[in-house]
Amino acid sequence: MGQRSWQQVERRLSDPSLYPKLRGNWLTRWVTRRRTARLYELMSGFANTQVLVACVRMGLLDALARSERTATELSALLSTPESRLMPLLNASESMGLIRRNRQDQYGLASLAWPIVSHAGLKVMIEHNQLLYEDLLAPERFLREGGGRMQAFWPYVEGLSGDASPTAKSDDVQSQRYSEVMDASQVFVIEEVLASHHFAKHRCVMDVGCGMGRFMIRVGEACPQLKLKLFDLPPVVKLAAGKLNEAGLAGRYECHPGSFKTDELPRGADLITLVRIGHDHSDTVCLDLFRKAWAALPEGGQLLLAEPMAATELNRNLASAYFHFYLLAMGDGRLRSPQDYERMLREAGFASVKLLKTGLPIHAQAILATKLGFTPVFNSSSKDRLTHVNVNSK
């Protein structure tokens, strides 16, 4: 069936005058039910996020993690009238966050346990409120831009770093956004570590290292590796303290700077960019990839890892979230693996491979290798991204 014919079918299935017949016919009832349920999910999305925020801020999930409690007990514990607490309890139960037993006691359900177990999830649930405040008037946000989210991430201001990247990034601000990045990076780090054999390298440099959580995990997993940290001066200072606390003193070098205005240090045979590219414009990314190519030796590799745009084979609602989150930040955008392939080849990398990750919703990973010459990328080339499962080797 052609696209036009299918659109005509869709139009007929959406005709309000036919709704009674469609829901009454066993052949079309399932389509009507599924579409209706899906639309309700989309329409109720904001309410779901606010239920989640309320559970975290009021301490409901933490309270139930300690013991099961009745609504009356929770009312006293959370200082909320029971009549006003019940809608939250009912909503949380319907969302699979809590459950109620036969004694009318509430406890945690399966979806809530990761939230109380991983600090990063709580941090992001709170942090996302900045985005939702920016989106209260989405049409104005799309036309005018700006907002609280962009103010939170000062390092993404400007397309090419014309202004000093540290002009607004004092120690307090750097600590604030670095803590959010650090706490929310746990799941991404595990995907990256599982996707590539770090032990084959001699020296790894993490560009945009944040508070050093990724380098700590790499250093612990591969004791023979030398480590380099590159980020804005206040951020590198924070990272150095974290690596010292982790017992990695003497194994790392700090390189304060901005990849927007400074060249990257040489000496590493692997450069990692973990959740860096999607924060910045195409202009900044391409320039960064070129700097990475120049800093690497022949045979050196660049590992890029971050959430990427959904494709026909990988559709998910997370893409909708990231498209708007990155727009709210300022310069960034959600790119597909093919977008990055084109940019990496233009920067000089000859081999570009998409590595398999267990949970692409957290991150996808691309490995680019520098050969002894600079190839000219041909957009019609048949040398496209290929999937490589390093764990099967």
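**Two helix pairs to select**

Begin by selecting residues 45-57, which form helix α4, together with residues 119-134, which form helix α9, and you will see two helices that pack at an angle of about 130°, with their axes 10 Å apart. Angles from 115 to 145 degrees fall among those counted as oblique, and therefore α4 is oblique to α9. Keep in mind, as you look, that this is a predicted model.

Turn the view until one helix lies in front of the other, and note that the crossing of α4 and α9 is left-handed. Next, show the side chains where the two helices touch: from α4, select Phe46, Thr49, Gln50, Leu52, Val53, Val56 and Arg57, which meet Lys122, Ile125, Glu126, Gln129 and Tyr132 of α9. If you colour this contact by residue class, six residues are nonpolar, three are polar and three are charged.

Now move along the chain to a second pair, selecting helix α16 at residues 282-295 and helix α18 at residues 337-347, which pack at an angle of about 50° with their axes 8 Å apart. This angle is why α16, too, is described as oblique to its partner, α18. Here α16 passes α18 in a right-handed crossing.

Which residues of α16 meet α18? Select Asp282, Cys285, Leu286, Phe289, Arg290 and Trp293 in α16, and then, on the α18 side, Tyr340, Met343, Leu344, Glu346 and Ala347. Coloured by class, the contact of α16 with α18 shows eight nonpolar and three charged residues, with no polar ones.

Definitions and conventions: Residues numbered from 1 in each chain as written. Predicted model: local features only at pLDDT ≥ 70, side-chain atom pairs only at ≥ 80, totals over all residues. Heavy atoms only, no water. Axes fitted to C-alpha atoms, helices over the stretch in contact; angles between N-to-C directions. Helix = DSSP H or I, 4+ residues; strand = E, 2+ residues; numbered from the N terminus. Parallel < 35°, antiparallel > 145°, perpendicular 65-115°, else oblique. Left-handed = near helix turned anticlockwise from the far one by under 90°. Contact = heavy atoms within 4.5 Å. Nonpolar A, V, L, I, M, F, W, Y, C, P; charged D, E, K, R; others polar.
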